[in-house]
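Please look at the structure below before reading on. The paragraphs that follow go through parts of it in turn.

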Amino acid sequence: MENGEIPENANEHCPGPQSESAGKSDACQGCPNQEVCATAPKGPDPDLVAIAERMATVKHKILVLSGKGGVGKSTFSAQLSFALAAKDFQVGLLDIDICGPSIPKMLGLEGQDIHQSNLGWSPVYVESNLGVMSIGFMLPNPDEAVIWRGPRKNGLIKQFLKDVYWGELDFLVVDAPPGTSDEHISIVQFLQATGIDGAIIVTTPQQVSLIDVRKEVSFCKKVGVPVLGVVENMSGLCQHLKDFRFLRMTENGEHTDLTEKVIEYMKEKAPEMLDLIAASEIFDSSGGGAAKMCTEMGVPFLGKVPLDPQLCKAAEEGKSCFSEQKCSISAPALKSIVEKLMAKYWCKEMSVEQ
């Protein structure tokens with residue numbers, strides 16, 4: 001337990017050997033380290049000083065959170081980082097989803113390794129101004145499961161913060177796992193003294209997702225992290241009509257593909273239809289969606305991002321949705337959200353950019 005580190009064999013939700021409740025809280029019952037922690041001298045964690053020194057060169061720290069998995073949080077983190085880097089800011093993207101690291105895939109960095117220098121761990125770079133750090137770079141086999149308890153995950157997050165050399169950064173985007181668990185408590189605890197700009201919370205429109213987002217907002221308020229805003233992702237499927245497939249279903253459930261015939265018919269009879277965008281509500285938003293929840297909970301609503309197959313493809317290929325014209329439906333929505341964040345919270349950076 002050097003430097004106040006949480007031992008690997010500690011119970012889940014361990015308060016930490018430097019905590020005043022070490023060895024005494026309910027979480028300590030039955031832990032093999034209980035007696036040692038209860039009698040050990042208490043004091044400030046020296047690693048927090050090292051973290052503060054590392055973070056002194058980072059201007060803004062943004063947490064990206066979600067109440068549930070599968071709502072597109074990591075996709076948003078990746079595209080937010082791409083967007084900020086495209087504005088010539090120095091950007092770092094830190095993936096603290098220890099058990100499900102998808103950021104390397106979404107940034108096109110699969111198979112890359114972390115390198116070490118006398119300054120610390122070096123991030124893996126997409127561009128000269130966009131660096132990435134993730135446990136995904138440390139796994140010998142990408143299919144290997146990370147089966148770690150809370151203390152070990154928290155130890156790696158601390159190591160990322162104190163040992164990674166980012167250099168001068170305008171923005172550090174932190175992609176957190178879904179929920180409000182050990183990783184969230186740790187990242188807030190480790191970064192709080194250095195200043196966290198706030199959290200962006202990603203959700204989908206239906207109530208089953210918003211129920212957990214309310215908990216996420218409550219978590220932020222309890223730990224003193226400002227909510228920069230909520231993004232409603234997958235807000236209806238939107239796609240150019242000409243990109244759809246048209247099928248006829250037979251009585252036995254088989255499909256006959258009529259796409260070619262339908263497109264030819266439209267070209268001949270109604271060519272103006274080929275420029276239309278078709279939209280369909282995938283998730284039930286009759287409860288008012290994220291906008292209504294934001295009004296009720298007193299947090300900003302940043303906007304809606306449609307479910308765009310081209311954005312999904314960009315994420316699969318590890319590309320920015322802003323670099324090509326293919327994401328013509330989702331890119332403007334994402335850009336609007338980024339511009340709204342810049343105007344509301346980082347006006348000074350906008351004036352420098354201009």
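**A strand and its partners**

Strand β9 and strand β12 (residues 277–280) run antiparallel and are joined by four bridges. Helices (H or I, at least four residues) and strands (E, at least two) are DSSP runs, numbered from the N terminus, and two strands pair if DSSP finds at least two bridges between them. This is a predicted model, in which local features need pLDDT of at least 70, side-chain atom pairs count only at pLDDT 80 or more, and totals for chains, interfaces and linings use all residues. Residues are numbered from 1 along each chain as its sequence is written, and side-chain values use heavy atoms, with hydrogens and water left out.

Within the pairing of β9 with β12, Cys238 has Ala279 of β12 as its bridge partner. Strand β9 spans residues 227–240, and 13 of its 14 residues are buried. Buried means under 20% relative accessible area, exposed over 50%, and partly exposed in between (1.4 Å probe, protein chains only).

Strand β9 has parallel pairings as well. One is with strand β8 (residues 198–203), through five bridges. Another is with strand β13 (residues 301–307), also over five bridges. Val230 of β9 appears in both pairings: Ile201 stands opposite Val230, and in β13 the bridge partner of Val230 is Phe301.

Next comes a residue in the loop that leads to β12. Leu276 lies in the loop between α8 (259–269) and β12. Is Leu276 buried, exposed or partly exposed? Leu276 counts as partly exposed because its relative accessible area is 46%. Along the chain, Leu276 and His240 are 36 residues apart, yet their C-alpha atoms are separated by 6.0 Å. Leaving aside residues up to four places away in sequence, Leu276 touches Gln239, His240 and Leu241, where contact means heavy atoms within 4.5 Å.

The last stop is a stretch named in a record. An unreviewed UniProt entry carries the annotation "binding site" for Gly67, Lys68, Gly69, Gly70, Val71, Gly72, Lys73 and Ser74. UniProt positions are given in the numbering used here, feature names are shortened, and annotations may be inferred rather than shown by experiment. Among these residues, Gly69 is found in the loop between β1 (58–66) and α3 (73–86), and Gly70 has its place in the loop between β1 and α3. Gly69 is classed as exposed because its relative accessible area is 52%. Gly70 is likewise exposed, with a relative accessible area of 69%.
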